[in-house]
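Ready for a few exercises with a model on your screen? Try each task by yourself before you read its solution.

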Amino acid sequence: MSPQRAPRPRLPGLPSLERCAVMGAVNVTPDSFSDGGRWFDTTAAVKRGLDLVAEGADLVDVGGESTRPGATRVDEAEELRRVVPVVRGLAGEGVVVSVDTMRASVAEQAVAAGARLVNDVSGGRADPRMVAAVAAAGVPFVVMHWRGQSVDMNDRAVYADVVGEVLAELRRAVDAAVAGGIAPERVVVDPGLGFAKQAEHDLALVASLDRLRTELELPMLVAASRKRFLGRVLADDGRTPPPARERDAATAAVTALAAQSGAWAVRVHEVRASADAVRVVAAVRQAAAEAT
């Protein structure tokens with residue numbers, strides 16, 4: 001099935017859209033690679049989430065732990081302190097909230113505070129309680145391709161066939177999540193751009209998004225926003241890669257590619273350009289369908 005004719009995925013408990021969804025990221029951290037410290041205060045983080053919705057975000061992903069390459073883990077109590085009040089504040093305003101965490105305790109308390117999706121970059125592997133906690137909560141779960149913690153993940157970026165290996169490793173992670181009690185219709189996959197990947201690996205995965213989606217047969221989240229591989233692309237004439245905040249146009253380009261490939265959602269730091277991009281792709285797909 002071509003991406004133009006692929007049915008839109010439906011996830012229980014989340015809004016159904018006839019286009020790729022846009023997930024706006026709110027990093028409640030002092031050290032995120034793209035915007036560390038800007039939304040560290042609860043009030044500022046809630047306002048940021050509301051601003052992202054006003055700019056076109058369909059849901060807001062709240063995280064309290066940086067997963068940039070080389071980052072060390074924050075302790076559980078601090079992650080809870082950062083995340084739960086922001087989730088509660090946004091959910092109280094009617095925002096569809098996702099929680100970005102690798103800890104079952106944070107997922108549980110965030111869902112209790114109103115989160116409707118758990119986005120775990122480890123796909124349930126960092127915390128042995130995570131899969132059972134999400135299964136009990138009955139919310140959708142993002143299973144990302146992951147080879148280990150941020151502190152040394154660059155050392156794990158070794159592939160003979162990155163697309164084939166990511167597919168195989170994601171299948172195993174999905175199987176483990178389903179075996180642990182998460183309903184298959186609640187599983188989302190994420191190829192893990194930038195996680196244990198070099199720029200050439202990320203680009204190969206972006207080029208194969210349609211293959212990833214069709215072979216895994218699950219809704220797909222694509223999180224390319226401001227990542228290093230985009231900086232490398234923009235510096236291909238030998239220039240210094242632009243800083244993260246100057247990669248938003250490049251991010252929107254990947255958003256358009258992901259939407260055309262049938263992705264369920266994209267995760268971005270700046271929403272407006274990506275919100276425009278998914279709407280243009282949806283309009284073009286509709287025109288193509290009407291022309292056949």
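Three exercises with worked solutions follow.

This is a predicted model, in which local features need pLDDT of at least 70 and side-chain atom pairs count only at pLDDT 80 or more, while totals for chains, interfaces and linings use all residues. Residues are numbered from 1 along each chain as its sequence is written, and side-chain values use heavy atoms, with hydrogens and water left out.

**Exercise 1. The sheet**

Task: Work out the strand order of the open sheet and find which strands stand at its edges.

Solution: Start with the strands, which are DSSP runs of E with at least two residues, as helices are runs of H or I with at least four, both numbered from the N terminus. Two strands pair if DSSP finds at least two bridges between them. Here 8 strands make an open sheet with parallel pairing, in the order β6-β5-β4-β3-β2-β1-β8-β7. β6 (187-190) and β7 (221-222) each have a single partner strand, so one side of each lacks a neighbour in the sheet.

Next, look at individual pairs. β4 (residues 117-120) and β5 are joined in the parallel sense by 3 bridges, and V118 sits opposite F141 in β5. β7 and β8 (residues 265-268) run parallel with 2 bridges, and L221 faces A265 in β8.

Finally, take the side chains of β5 (residues 141-144): F141 and V143 point one way, V142 and M144 the other, and all are buried (under 20% relative accessible area, with exposed over 50% and partly exposed in between, using a 1.4 Å probe and protein chains only).

**Exercise 2. A helix pair**

Task: Describe how α3 packs with α4 and name the residues in contact.

Solution: Begin with the geometry. α3 (residues 104-112) and α4 (residues 130-137) pack at about 15 degrees, their axes 8 Å apart. Those axes are lines fitted to C-alpha atoms over the stretch in contact, with angles from 0 to 180 degrees between N-to-C directions. α3 is therefore roughly parallel to α4 (under 35 degrees).

Then list the contact (heavy atoms within 4.5 Å): A104, A107, E108 and V111 from α3 meet M130, A133 and A137 from α4.

**Exercise 3. Positive phi**

Task: Where do A196 and R226 lie, and are they buried or exposed?

Solution: Recall that most residues other than glycine have a negative phi. A196 has a phi near 55 degrees and belongs to the loop between β6 and α6 (199-207). At 1% relative accessibility, A196 is buried. R226 has a phi of about 60 degrees, in the loop between β7 and α8 (228-234). R226 is buried too, at 2% relative accessibility.

Terms used:
Parallel < 35°, antiparallel > 145°, perpendicular 65-115°, else oblique.
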